[in-house]
Amino acid sequence: MYNFKMLDTFYVSLFCITTLILFIAFKWISFDSNTKKTLPPSPPRLPIIGNFHQLGSSPRESLRDLSNKYGPLMLLHLGSIPTLVVSSAEVAREVMKTHDLVFSDRPSLSIPNILFYGSTDIAFSRYGEYWRQLKSIVVLNLLSATRVKSFRQVREEETGLVIRALEESRGSIVDMSALLGSYTSNVLCRVAFGKTYYELGFTDKLKKFVDMLGTFCVGSYIPWLSWIDRLSGLRGSAHAISKELDHFLEGVIDVHLNKKMGSGDETQDFVDILRDIQKDKTIGFRLDTNTLKAVILDVFVAGSDTIFSSLDWAMSELIKHPRVMKKLQQEVTEVAQGRSTISEDDLDKMKYLKAVVKEALRLHAPLPLLLAREARNGVNLMGYDIPPGTQVIINAWAIGRDPVSWNEPEEFKPERFLNNPVEYKGLHYEFLPFGAGRRGCPGLHFAIVLIELILANIVHKVNFELPNGVKDVDLDMTVANGVTVQRKFPLLVMASPRV
Ligand code: HEM
């Protein structure tokens, strides 16, 4: 007995001494390596949670305020994850142009891993040959200019339905946000599936999916606490939501398997096109059924809330600024030349409309922090050493309102985009609603035509007033908390016929 106790004490002491030596060695090594590194400025952090407590309920604003103090290139720690925060056009150019290849990875996050079939979609996929091939297949086959054109009829029909609903409202209060939301999801559903699937409650399922995607997951930031996500039921709920949507998508694919295709390419929806690619042995890429489903989910998740948010804010700004609304209506009237509808061919002539949409996206970038990136290897960025694995947040919202790049940045003034070369394509780093570089948004053309067409037709056909005697200037512009920037309260209007 006695000997065993001696042995126990010996082993315990040995364990403690070894741990202490390892701890001191680790601290010494990390101190030594950090002293040799020049890291970007950082606000002080707390143990375990790091700087999380400083994000507040509106991270884009808190990060902007912090960067006003610590600079446009700032290093935070979200839990144990070092996170670079970029808040100026100059630094964004360095990250997304000069060092784009280094910063083209996405971090591996637990919830997207569950929801997107192990992140085999485009948006959450790690950088590499798989992502590159999948993205180019999708850009070429689903989102090319020709393919976007092929869905013209869908957009025009759905635009017609919105106009009809506004005309039939006859002065009663209309929930404009709801109307724009269903326009967006109807177009996306018809383009992706060939029909809207209202009856199967697809929109509700998708909402649950998107909400889950925006849920904070402890394990992604403090890996040793990931058991909390299991215990709290978060991972279980994510699996349940994923299963529900998977079941729905299996059903849609089955319907497409049994569908007799017409001869014309224009009748094909996204599922048809992806099924054809699956069968094509010449492209050298195996698009399995889970990847097909992941891509379809990308289209909805990346496309629906973003397009809806752009429309909702553009309408809100137009109603809040009658001067701009009047100027846009004059342009539409000139272009329409007595016709009752604006067609997609007219859009190129509408310079002011384009400026209005850009200005709305400058002030209300739907993904204000874009999608997080990750450094694939260590790099020297503007004199600072960035270790591999550092996450990167680009605060596009703050950059779009930076007084260094924009005069009167908080004002809604579409004129700033007239006779101005600033475009969406990610070459002008002061304006990044669609991101830039290799990871930039491939849905840009798809989204812009959808937004411009409906706005042009709405303002052409209808005049607006706010209900209950609220003045235009007093329209509430409060933003809700969430991943995409949405209005906190729906936009309620009263519509009267204009032409
Ligand atoms: C107004 C509408 C939209 C906005 C503002 C928007 C914005 C963005 C942003 C900011 C990113 C991240 C870019 C980056 O990391 O640099 C992104 C990525 C992406 N978007 Fe969009 N998007 C919109 C519509 C769409 C649509 C309609 C689709 C598809 C039909 C789409 C598909 C994607 C995909 C697949 C990615 C991931 C790209 C990658 O990781 O390589 N987006 N989008």
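User: What makes the space of about 750 Å³ a pocket, the second largest one, rather than a cavity?

Analyst: In this predicted model, where local features need pLDDT of at least 70, side-chain atom pairs count only at pLDDT 80 or more and totals for chains, interfaces and linings use all residues, the second largest pocket holds about 750 Å³. On a 1 Å grid over the protein atoms alone, a pocket is an open set of points with protein on both sides within 12 Å along at least five of seven lines, whereas a cavity is a set where a 1.4 Å probe fits but cannot get out. Grid points are joined across faces, edges and corners, and the volume is the space filled by probe spheres set on the points. Residues are numbered from 1 along each chain as its sequence is written, and side-chain values use heavy atoms, with hydrogens and water left out.

User: Which residues line the second largest pocket, and how do you know that they do?

Analyst: A lining residue has an atom within 4 Å of a point, and 25 residues line this pocket, with Asp348, Lys354, His445, Ile448 and Glu452 nearest its centre. The helix α18 gives the most to the lining, with 5 residues; helices are DSSP runs of H or I with at least four residues, strands are runs of E with at least two, and both are numbered from the N terminus.

User: How many cavities does the search find, and what lines the largest?

Analyst: The whole structure has 1 cavity of 30 Å³ or more, and the residues lining the largest cavity include Leu361, Arg362 and Phe431. Elements giving two or more residues to this lining are α16 (351-363) and α17 (396-400).

User: What makes Cys441 a donor of the iron atom of the ligand?

Analyst: Donors are N, O and S atoms within 2.8 Å of the metal (3.2 Å for Na, K and Ca), and water is not among the atoms, so sites may look incomplete. The SG atom of Cys441 lies at 2.3 Å and is the only protein donor of the iron, while the residue sits in the loop between α17 and α18 (444-461).

User: Why is Cys441 called partly exposed?

Analyst: Buried means under 20% relative accessible area and exposed over 50%, with partly exposed in between (1.4 Å probe, protein chains only); Cys441 has 37%, so it is partly exposed. Buried residues make up 51% of the 499 residues in the protein chain.
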